[in-house]
Amino acid sequence: MAREALLQPGDGYGRDEDRMLRPQSMADMVGQREVAKRLQIVVDAAMKRDEPLGHILFDGPPGLGKTTFATCIPKDLGVNFQLTSGPAIQAPKDLVPYLTNADERSVLFIDEIHRIPKAVEEYLYTAMEDFRIDIVLGEGTNARTINLQIKPFTLIGATTRSGMLSAPLRDRFLLREHLDFYTDDELAEIVGRNAKKLGVTIDEDAALEISKRSRSTPRVANNRLRWVRDFATSRADGHVTLELAREAMEMQAIDEMGLDKQDRGYLSTIVRVFGGGPAGIEAIAHTMNAAPDTLADEVEPFLLRTELVVRTPRGRVVTPKAMDHLKAIKWK
């Protein structure tokens, strides 16, 4: 008897919702307007000249819209689209199917492009510039190389660490765009739009409250919105008011600045154990029973950006702003 899959693609875990919440064209996007304007110019020019769009590199922190831009561009161009990621391409042979299957003027999107190996990066050079690749057939003394022309295509790369890309690869991108964080008003508009897509009604002040606790990041705002929707469905009639949004955020221990329990635990550890700092990351991690990488990669970036912590040669130091915040909040 054939075995049925326990979980079908798209079942649960918000996969379909993630796709539904993303804008379908650049005209629908909120925020990043300067980036969108520049991209619209090159898209319009490519369509009028009937030429492939130049290669584009997006960089910036996670959750700001790099993948959304990459999926909207081919839709606006009316061309086919392929998607892969840097970790999935470990050798040039892994890249060959994407290049040979690419239609003329189609888009190939490589997420986390900084994670592709050096050999793959060098293989991309001729593909991006001359639209040709070398394929090796056979092994040893019987091996021979075939020079294969591929159809002109557009490579869109996305990275959270542009400094890890080599200069030769960066220079081959015609357009390089850095995505910045969003304002509270922009996030509130995103929350309001996506609430309609999720079939939930929400007051304007509730949408703004969610946006203020979303770390200036649309992905975080969408996650907060879905939690508030579930809370409103379970505890009320499904309509999200300001009071209901605050209650939902309190249950998740997310305060007015968007800090969660781990963030506040990091700050309070430095204050309580190390007298406000300076303190080394290893010492803080051991005191909290956490991994140093977790604190450095997940906790510290937001705290540094919001000026709650500073890094000094001697270690981390909590700022007066953080001290005032810890005194003002209700949670520990």
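**A five-stranded sheet and its surroundings**

In this predicted model, five strands build an open sheet, lined up in the order β2-β3-β6-β1-β7 with parallel pairing. The two ends of that row are β2 (81-85) and β7 (175-178); each has just a single partner strand, so one side of each is left without a neighbour in the sheet. Going from strand to neighbouring strand, the turn is 15° on average, with direction ignored. As background, the strands of any sheet pair through backbone hydrogen bonds, and they can do so either parallel or antiparallel.

The edge strand β2 can be followed residue by residue. It runs parallel to β3 (residues 107-111), and 5 bridges join the two. Phenylalanine 81 has valine 107 of β3 as its bridge partner, while leucine 83 is partnered by phenylalanine 109, also in β3. The two faces of β2 are not alike: Gln82 and Thr84 sit on a covered face, whereas Phe81, Leu83 and Ser85 sit on an uncovered one. So what lies across the sheet? Helix α3 (residues 66-77) lies across β1 (56-59), β2, β3 and β6 (154-159), and it runs at about 150° to β1.

On a wider view, the chain splits into domain 1 (18-178), domain 2 (185-252) and domain 3 (261-328). The centres of domain 1 and domain 2, taken over C-alpha atoms, are 34 Å apart. Even so, 10 residues of domain 1 are in contact with 13 residues of domain 2.

Next comes the nonpolar packing. The largest nonpolar core counts 47 residues, and Leu39, Phe58, Phe69, Ile73 and Ile202 have the most contacts inside it. Domain 1 and domain 2 both give residues to this core, so it lies between them. Apart from it there is another core, this one of 23 residues, including Leu108, Tyr123, Ala127 and Leu169. Back in the largest core, isoleucine 73 gives a good idea of the company such a residue keeps. Leaving aside neighbours within four places in sequence, isoleucine 73 is in contact with Met26, Leu39, Val43, Leu53, Ile56, Phe58 and Ile156.

Two helices of the chain make a neat packing example. Packed helices in general are described by two things, the angle between their axes and the distance between those axes. For helix α9 (residues 218-235) and helix α10 (residues 242-251), the axes come within 9 Å and cross at roughly 110°. That makes α9 roughly perpendicular to α10. On the α9 side, the residues that meet the other helix are Arg224, Trp227, Val228, Phe231, Ala232 and Arg235; on the α10 side, they are Leu244, Ala245, Glu247, Ala248, Met249 and Met251.

Helix α9 also holds asparagine 222. Is this residue buried or exposed? With a relative accessibility of 13%, asparagine 222 counts as buried, because the cut-off for buried is under 20%. Not counting residues up to four places away in sequence, asparagine 222 touches Leu21, Ile190 and Asn194.

Finally, there is a pair of strands further along the chain. Strand β8 (residues 309-312) and strand β9 (residues 315-318) pair in the antiparallel sense, over 4 bridges. A hairpin links β8 to β9 through 2 residues. Here one arginine faces another, as arginine 311 stands opposite arginine 316 in β9.

Notes: Residues are numbered from 1 along each chain as its sequence is written. This is a predicted model: local features need pLDDT of at least 70, side-chain atom pairs count only at pLDDT 80 or more; totals for chains, interfaces and linings use all residues. Side-chain values use heavy atoms; hydrogens and water are left out. A nonpolar core is a set of buried Ala, Val, Leu, Ile, Met, Phe, Trp, Tyr and Cys residues joined through side-chain atoms within 4.5 Å. Buried means under 20% relative accessible area, exposed over 50%, partly exposed in between (1.4 Å probe, protein chains only). Domain bounds come from an automatic or database domain assignment. Contact means heavy atoms within 4.5 Å. Two strands pair if DSSP finds at least two bridges between them. Axes are lines fitted to C-alpha atoms, for helices over the stretch in contact, and angles run from 0 to 180 degrees between N-to-C directions. Angles under 35 degrees count as roughly parallel, over 145 as roughly antiparallel, 65 to 115 as roughly perpendicular and the rest as oblique.
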